[in-house]
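Colleague: I have not looked at this one before. Can you put it up and take me through it?

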Amino acid sequence: MKHSYTNDLIHETSPYLLQHAHNPVNWRPWGQKALDQAKKENKLIIVSIGYAACHWCHVMEHESFEDPKVAEIMNANYINIKVDREERPDIDQVYMSAVQLMTGSGGWPLNMVTLPDGRPVWGGTYFPKGDWIEALNQISDLYKNQPEKLVEYADKLALGIKEVDLIEKNTNAINFNLDFIDSAVKQWSNHFDHQKGGTTRVPKFMMPSNYNFLLRYAHQNNDKELLDFVKTTLTKISFGGIYDHIGGGFSRYATDGKWHVPHFEKMLYDNAQLVSLYADAYLATGDTWYKEVVYETLNFVTTELTNKEGAFYSSLDADSKTPQGELEEGAFYVWTKEELKKILANDYDLFKEYYNINSFGLWEKGNYVLIKSKSNKEFAIDHSIGAVELSEKITKWKKILLTERNKRPKPRLDDKTLTSWNALMLKGYVDAYRVFGDEKFLNAAIKNATFIKNTQLKEDYSLFHNYKDGKSTINGYLEDYALVTEAFIALYQNTFDQQWLDISKQLTEYTLLHFFDKNKNVFYFTSDQDPDLITRTVEYQDNVIPASNSIMAKNLFLLSHYFDRSDYLEISKNMLHTIQPQIEQYASGYSNWLELMLNFTFDFYEFVVVGPDMRTKIEEVNKLYIPNKLIAGSTFDSDTPLIKNRFVSNKTLIYVCQNSTCKYPVENTTEAVKLIIN
């Protein structure tokens, strides 16, 4: 007989927490109430952290947390706290640091046993049921019989966690130079996979920030070999099964070396950044396949991850139900030969060649993940088919398979809205508009920005982190402020609506007041308005999403130009100087910092257009890949620093400025661009 249970998570809005609300484990959400209870009852705490789209989180839930016998052990000896890492990245960072110190690696689910005061004593990621039971029994016995041993270990570990984010002062003179960047990239290039793209490690993560930097660096340095590597990587990723060739959008990472079989969850933050990256790659290379990828990915986001308010949902699960009703990873996305033959009929033979329904495309259990190995041009030549006819067939195949696939049970949706991830997607839409000029992209961006402004932004310019069911919750983290500021600056550069720039400045002022440590030249991840955790973390290493500190440093650089704020520029420079010693040996972990360094080592330009034809002139320059510039524009006179005293009636003038010095204004875009490129 199946029992019906509910626990304290039943009152939460997070889809991940609600997935566990009917476990026999007496889960509680993170909060003072649970922490106070642990102290009052002198019980150890289990902090279990995951997210809705996490496959192994579901596996451990099914094996352990749904088992009444396991629940009995957990409930008797522990206070059990479930955390959605996407809602509470601050808690996740603290305990992830702890588990990495203990085991040398991390991941999700993240399961940590702590003392009643929250200090960790033991942890790891996924545990099979037998191992989990054995460990919990041993630790609870040790706490009953020799608690001093756990307290002693917790003291040492707490010191170690604090040292993880210890930033030492850089006493050298500030020196950002091209030789330093060259050396860092050369060291990094030892790990490049020139055949399959990406790095030689498996599994393969896409790391958009890395390729954004390498694309810009190759372009500005005229490095054809590096540019070819970036193009190979972006092409192989988007040809691979990690890209959804039927519905658009990318999965989180590839489990193999050829980008073929993904962990099938689709995360908003990946798709957002990849839209920006592929848009710029199109601009830099002219490869129309990259344009197709952008359009298909944004169509996926519009269809599957956007609500009526213009806000974006967080993710789609890796798992979905099979025809037999069992949850299975990738079930929604994969195909058998028999299915494809039946659906495609006479077109099957050509389709199987195009998408490798062969040993190259085989996954497991007779299932195929679609993967391309040739461009359309190459395929058309090899198979003696006209380019137009092939294009029409591909469009028809996608339509047929999408219709068929939509009959299957869909992956579960995590329908919470995170401010930081929404800002990434907002910027993705802005970048797509900048490159392709499609008004629907700009409309989506403005609608989302208006949602953030009206719903997530408070009167004092603080932000909420989370939104669900009409309710905004959780104080914003540095990532929220950094990414919204970055997105609003980008939105200004495409709408020239001054409000977005003004809000960016106010958000920055708030972070300087509540997050910034003047002595260390870094921002904390949490505000000084938030309750204390066992340590206040600093996020400075770029990952799949760049570090909130590197984004803030770039924002300060741009805002220093827009508002003529030398103090902003000084903070940006000092932040980069503080982090510089970390960069050279591990450039791939600091790519967004390196992009900021390019702003200081290469020439950086203000491109200012004032006059009635401002938009036309800026559209013309946006057709070129010029990453070392910012844009300001106005059709009327203004007191803002970059526009003031530059308006001349009935003329549209272009000012190209560098180091507070402007060239003589010109009226022709081609002439203006020459002032930058030459």
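Colleague: How much area does the chain expose, and what share do carbon and sulfur atoms supply?
Modeller: The chain exposes about 28,400 Å², and carbon and sulfur atoms supply 48% of it. Those areas come from the Shrake-Rupley method with a 1.4 Å probe, and for residues only the protein chains shown count as cover. This is a predicted model, where local features need pLDDT of at least 70, side-chain atom pairs count only at pLDDT 80 or more, and totals for chains, interfaces and linings use all residues. Residues are numbered from 1 along each chain as its sequence is written, and side-chain values use heavy atoms, with hydrogens and water left out.

Colleague: What share of the residues is buried?
Modeller: Buried residues make up 59% of the 678 in the chain. Buried means under 20% relative accessible area, exposed means over 50%, and partly exposed is in between (1.4 Å probe, protein chains only).

Colleague: New topic. How many aromatic pairs are there?
Modeller: The count is 45. Rings of Phe, Tyr and Trp (its six-membered ring) pair if their centres lie within 6.5 Å; planes under 30 degrees apart are stacked, over 60 edge-to-face, the rest tilted. Tyr51 and Trp108 are edge-to-face because their planes stand at 80 degrees, with centres 6.1 Å apart.

Colleague: Is Tyr51 buried or exposed?
Modeller: Tyr51 is buried, at 2% relative accessible area, while Trp108 is partly exposed, at 24%.

Colleague: How is the pair of Phe176 and Phe600 arranged?
Modeller: That pair is tilted, 5.3 Å centre to centre with 45 degrees between the planes. Phe176 is buried at 13%, and Phe600 is partly exposed at 22%.
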